[in-house]
Amino acid sequence: MKRAFMSELAIVRTLIPSIAGVGLFIFVVLTLANASDGDSGMSAGACAVSAMSPIMVMSSLAGFDNQNGWERYRATLPFSRKDIICARYLCIVVFSAIMACAAVLLNIIVLPLFNSAGVTSTGQTVFEIAIASAASMLISLMMVFLAQPLFFRFGHMEALRLSVGLFALLGCLAMAALSSSNPISNWLMSIAGANPDPAVLGCLCAGIAALALVLCALSCAVSTKVYRVRDL
């Protein structure tokens, strides 16, 4: 799988300038727009970059496959189809983690610039920004894991249309789940709000990470199955 992963990284390197440029623009705009909200708003830019990275990487890699005929050519290389699938998932996860870490680091660097807005560069603030960014990335990765089998089954254009509908549906379900009328949502919010200490926030983030890992394994298995039977 190492060779398959290196081939994915070679593609990602060509996409880094555009993805990083869009991410930097979003970070600057959202950070400046929400800095007046204090500590709660300072993580907006980092969270947005962390959340958008998995979706951008997934769609960019699928677009590259479609535009350059790489998907058909890659099937002729001495890689098993399982290795191809695993390499794609690993590449998305690794690049998303790098983007999230870069966003958090950039957020930490600019924190002293907003002291006048009441934002203090303390360890608690940095930790909360890191946790919020990690949670945003993990939730976005779960959405990607749900959509990725569509790209291996239907190709870029058809899967792109289907994934937009899927993301819209997931967004509606998320809003319903986070509604104040949902007792589970109220329970989780009470835990996070009443106990904003690192241990509680860390446990919540670890729970999201565990759920994302399980979903990744299931999605990878489904993608491998549909990709093996697909006629390229």
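Me: Which word fits F152 and Y227, buried or exposed?
Reply: The model is predicted. Buried means under 20% relative accessible area, and exposed means over 50%. F152 and Y227 fall in one class: both are buried.

Me: How many helices and strands does the chain have?
Reply: Read along the sequence, the pattern is α-α-α-α-α-α-α-α-α. Each symbol stands for a helix. The tally is 9 helices and 0 strands.

Me: What part of the chain is buried?
Reply: The chain has 232 residues. A residue counts as buried when its relative accessible area is under 20%. Buried residues make up 41%.

Me: Which element gives the largest share of the largest nonpolar core?
Reply: This core has 51 residues, and among those with the most contacts inside it are I19, M58 and Y89. Two or more residues come from each of α1, α3, α5, α6, α7 and α9. The largest share, 12 residues, comes from α5.

Me: What is the relative accessible area of Y89, and is it buried or exposed?
Reply: Y89 is among the residues with the most contacts inside the largest nonpolar core. The cut-off for buried is under 20%. Y89 meets it, so it is buried, with a relative accessible area of 3%.

Me: Which residues does Y89 contact, leaving aside neighbours within four places in sequence?
Reply: Contact means heavy atoms within 4.5 Å. By that rule, Y89 touches F145, Q148, P149 and F152. The rest of its list is C216, S219, C220 and S223.

Me: Why does the pair of Y89 and F145 count as stacked?
Reply: A search of the whole structure finds 2 aromatic pairs. The ring centres of Y89 and F145 are 5.9 Å apart, and their planes meet at 25°. Planes under 30 degrees apart count as stacked. At 25°, this pair is therefore stacked.

Me: How many residues apart in sequence are the parts that Y89 and F145 tie together?
Reply: Y89 lies in helix α5, while F145 lies in helix α6. The pair therefore ties together parts separated in sequence by 56 residues.

Me: What kind of aromatic pair do F152 and Y227 form?
Reply: Their rings are 5.4 Å centre to centre, with 70° between the planes. An angle over 60 degrees counts as edge-to-face. The pair of F152 and Y227 is edge-to-face.

Me: Where do F152 and Y227 lie?
Reply: This pair links distant parts of the chain, 75 residues apart. F152 is in helix α6, and Y227 is in helix α9.

Me: Is T224 buried or exposed?
Reply: T224 lies in helix α9. Beyond its neighbours within four places in sequence, T224 is in contact with K82 and I85. Its relative accessible area is 8%, so T224 is buried.

Me: Which element gives the largest share of the lining of the second largest pocket?
Reply: This pocket holds about 160 Å³ of space. Two elements, α1 and α5, give two or more residues to its lining. The largest share, 6 residues, comes from α5.

Me: How do the lining residues of this pocket divide into nonpolar, polar and charged?
Reply: The lining includes I16, L24, F27, V49, F95 and M99. G23 is also part of it, and Gly counts as polar. The division is 11 nonpolar, 1 polar and no charged.

Me: Among contacts between residues at least 6 apart in sequence, what part joins residues at least 24 apart?
Reply: The pair of F152 and Y227 spans 75 residues. Across the chain, the part of such contacts that joins residues at least 24 apart is 80%.

Terms used: Residues numbered from 1 in each chain as written. Predicted model: local features only at pLDDT ≥ 70, side-chain atom pairs only at ≥ 80, totals over all residues. Heavy atoms only, no water. Core = buried A, V, L, I, M, F, W, Y, C linked by side-chain atoms within 4.5 Å. Buried < 20%, exposed > 50% of the residue type's maximum accessible area, 1.4 Å probe, protein only. Helix = DSSP H or I, 4+ residues; strand = E, 2+ residues; numbered from the N terminus. 1 Å grid on protein atoms, 1.4 Å probe; cavity = no way out; pocket = protein on both sides within 12 Å on 5 of 7 lines; lining within 4 Å. Points joined across faces, edges and corners; volume = space filled by probe spheres on them. Phe/Tyr/Trp six-rings, centres within 6.5 Å; stacked < 30°, edge-to-face > 60°.
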